Every structure is written in structure tokens, then in C-alpha cells.
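This report describes how a ligand is held by a protein chain and how the chain is divided. The structure comes first, followed by the contacts, the pocket and the domains.

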Amino acid sequence: MRSLIDILELSTTELDELISTAYDIIENPQKYAHKCEGKKLATLFFEPSTRTRLSFEAAMYELGGNVLGFSEAQSSSASKGESVADTAKVISCYADIIAMRHPKEGAPLVASMNASVPVINAGDGGHNHPTQTLADLLTIHREKGHFDNLTVGFCGDLKFGRTVHSLIAALSRYSGVKFVLISPTELKLPDYVKENLKNDGIEFTETGDLEKAMPGLDILYMTRVQRERFFNEEDYLRLKDSYILTPEKLNGAKADMSILHPLPRVNEISVAIDNDPRACYFKQVLNGKYMRMALILKLLEVQ
Ligand code: CP
């Protein structure tokens with residue numbers, strides 16, 4: 001039995017296989033419509049979500065399976081003090097696989113150590129979000145056809161943005177990938193992530209200037225400033241609009257640059273960009289469902 005807590009638990013060969021399954025699902029959805037009949041997915045969301053929870057649920061339904069779960073901690077017995085470990089043991093009696101989101105870093109790992117079914121980390125605090133990375137990777141693959149030799153800019157809240165941490169880890173394994181880290185000083189990428197890049201010999205630069213960085217980018221990954229992780233509202237208000245991508249700011253960008261964002265968007269990408277052919281953030285949403293379907297099949301060992 002295998003869980004997915006960190007994206008690096010999947011080898012690049014396994015990532016390729018998941019991407020390949022996702023392409024097959026896109027082309028032949030009927031082939032997969034009954035693969036998970038009789039199986040149940042539990043979505044345990046202790047933190048708000050639109051995309052991740054509902055795409056997991058849509059994924060399981062499209063595989064012919066069923067779904068149970070909760071969407072807020074207050075409606076579960078966590079509100080009465082039940083531990084994550086006990087919750088995982090209990091839900092293992094009801095479901096074949098668990099997707100868990102939790103505000104505390106490491107909670108899905110604790111769940112996986114106590115569950116008797118696979119556990120998928122659906123986002124833990126400011127730490128990791130491996131299934132968003134699967135969505136991001138399929139999007140990049142569908143847009144660019146490869147991962148090697150891409151220059152990827154990450155812009156916004158690189159400190160608390162868990163999707164950034166997971167995607168950097170995944171892309172670091174491909175050759176010639178370079179990162180441009182664009183953020184205010186207060187929201188820089190955590191040192192431990194930068195240490196990993198240095199140890200792996202991955203080229204990266206840090207800057208506060210999005211427009212200067214723009215011409216060199218193949219991918220621009222915009223992020224929301226994560227209000228829920230700030231210790232005080234004053235800092236959030238000061239930093240929240242540090243970067244707002246507008247059509248004018250794209251003047252210096254490559255004609256085939258892809259703009260990604262894990263969503264939800266607040267203010268950081270103008271809606272005027274939504275119809276630009278480079279905007280990929282709604283494609284990411286759909287790709288997330290296909291990759292979650294592929295992942296559920298893999299972890300349930302369904303052929
Ligand atoms: N991208 C993402 O995790 O969105 P949700 O918070 O809506 O699940």
C-alpha cells in the first residue's frame with residue numbers, strides 16, 4: 001500500500017507514466033469509466049478548497065467510484081479534539097483511499113502512518129501540494145511538450161506558497177531547468193528549498209522585478225499572497241498587491257510564454273489576460289482532474 005505525501009516520492013519514470021495515463025484518459029474516457037466501481041474515496045478537508053476537493057471527487061466519479069467526506073474541520077470530530085491519527089484509522093474502515101488537506105504541515109504524513117489505506121496529501125499548510133504539481137506538470141507538458149531546459153519564473157508569495165515548493169522540487173529533476181524567483185523580500189522562497197537547489201546544482205536567481213525578469217521566461221507561475229498564513233493583517237495588506245499581472249506587463253514576454261496559477265486568484269492576474277492564448281490557469285484546473293484520476297488508479301493498483 002502506497003501513499004503520496006511529497007511529490008519526490010514519485011520517480012520521474014512514474015511521473016511520465018502518470019502523464020501518459022492522463023493523456024489516455026483524455027483521449028479514451030470511456031475506457032476508464034468503470035475502473036473504480038465499488039471503490040470509495042474519502043475527502044478529508046480541514047481547510048477550505050474548491051479545486052482540489054471537487055476535482056478529487058469528480059475524478060473518482062469519472063472512474064465509476066464513490067465519494068464520502070467532509071469539507072471543514074468544524075463538521076468533523078476534530079472539533080471535539082479527535083486526533084489526525086485516530087481520524088485516519090477510523091476513515092480506513094469506510095474508504096479505500098483518502099485525500100487529506102490540513103492547515104498543519106505534516107498532518108497528511110501522520111495520517112498515512114496510521115491509515116490502512118493510501119493517503120494523498122491534498123495540501124498541508126505552507127509545505128507541499130503534490131497533486132497541484134501533477135496538474136502543473138501535465139499543463140506544462142501539454143503546452144511545451146517537455147520539461148528540460150525551461151526557464152520558469154515563480155512570482156508572488158514564494159514563502160507560504162506550497163504549490164511553488166512542490167513544483168520546484170519536481171522540475172529540479174529535469175535537465176537544464178532554471179528558476180527565476182520573483183517576490184518581495186518578506187515572501188522569498190524558504191532557505192531549505194534554496195539549499196536543496198544549491199545542493200542539486202540547479203541555477204536560480206532572486207529578484208523583486210517582474211517586468212525585468214519577464215523576457216527570459218518560458219513559464220510564468222503567478223501565486224496568491226497567502227493571507228491565511230500571515231501572523232498579522234497589516235503585513236498582508238502591505239504585501240497583497242505586490243504583483244498584478246496586466247496586459248501591459250506582458251509586453252516584454254515571449255509570444256509562447258505560458259502563464260500558470262494554481263488558483264484561487266485574488267488580484268494578481270488581471271481578468272483582461274484570461275483570453276490571452278498564453279493564459280493556462282483554467283487549463284490547469286481540468287488537467288488536475290485527469291492527473292488525480294491517474295493517481296487514484298495508480299495508488300489503488302487498478303489496471
Ligand atoms: N489550487 C488549489 O489548491 O485550489 P483550492 O484551494 O481551491 O483547492
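## Polar contacts of the ligand

In this predicted model, an oxygen atom of the ligand lies 2.7 Å from a backbone N or O atom of Thr50. Nitrogen atoms of the ligand also take part in polar contacts: a polar side-chain atom of Gln132 lies 3.0 Å from a nitrogen atom of the ligand, and a polar backbone atom of Leu263 is 2.9 Å from a nitrogen atom of the ligand. The ligand taken alone exposes 250 Å², and 92% of that is buried by the protein.

## Shell and pocket

Thr50, Gln132 and Leu263 belong to the set of residues that surround the ligand. The shell also includes Ser49, Arg51, Thr52, Arg101, His129 and Pro262. By residue class, the shell divides into five polar, two charged and two nonpolar residues.

The ligand takes up the space of the largest pocket.

## Domains

The protein chain is divided into domain 1 (7-129 + 288-299) and domain 2 (130-284). In the contact, domain 1 takes part with 33 residues and domain 2 with 27 residues. The centres of domain 1 and domain 2, taken over C-alpha atoms, are separated by 25 Å.

Where does the ligand lie relative to domain 1 and domain 2? Both domains give residues to the shell around the ligand, so the ligand lies between them.

Conventions:
Residues numbered from 1 in each chain as written. Predicted model: local features only at pLDDT ≥ 70, side-chain atom pairs only at ≥ 80, totals over all residues. Heavy atoms only, no water. Near = heavy atom within 4 Å. Polar contact = N/O pair within 3.5 Å; in protein donor to acceptor, adjacent residues only side chain to side chain. Areas by Shrake-Rupley, 256 points an atom, 1.4 Å probe, with all protein chains shown as cover. 1 Å grid on protein atoms, 1.4 Å probe; cavity = no way out; pocket = protein on both sides within 12 Å on 5 of 7 lines; lining within 4 Å. Sits in = over half its atoms within 2 Å of the grid points. Nonpolar A, V, L, I, M, F, W, Y, C, P; charged D, E, K, R; others polar. Domains from an automatic or database assignment. Contact = heavy atoms within 4.5 Å.
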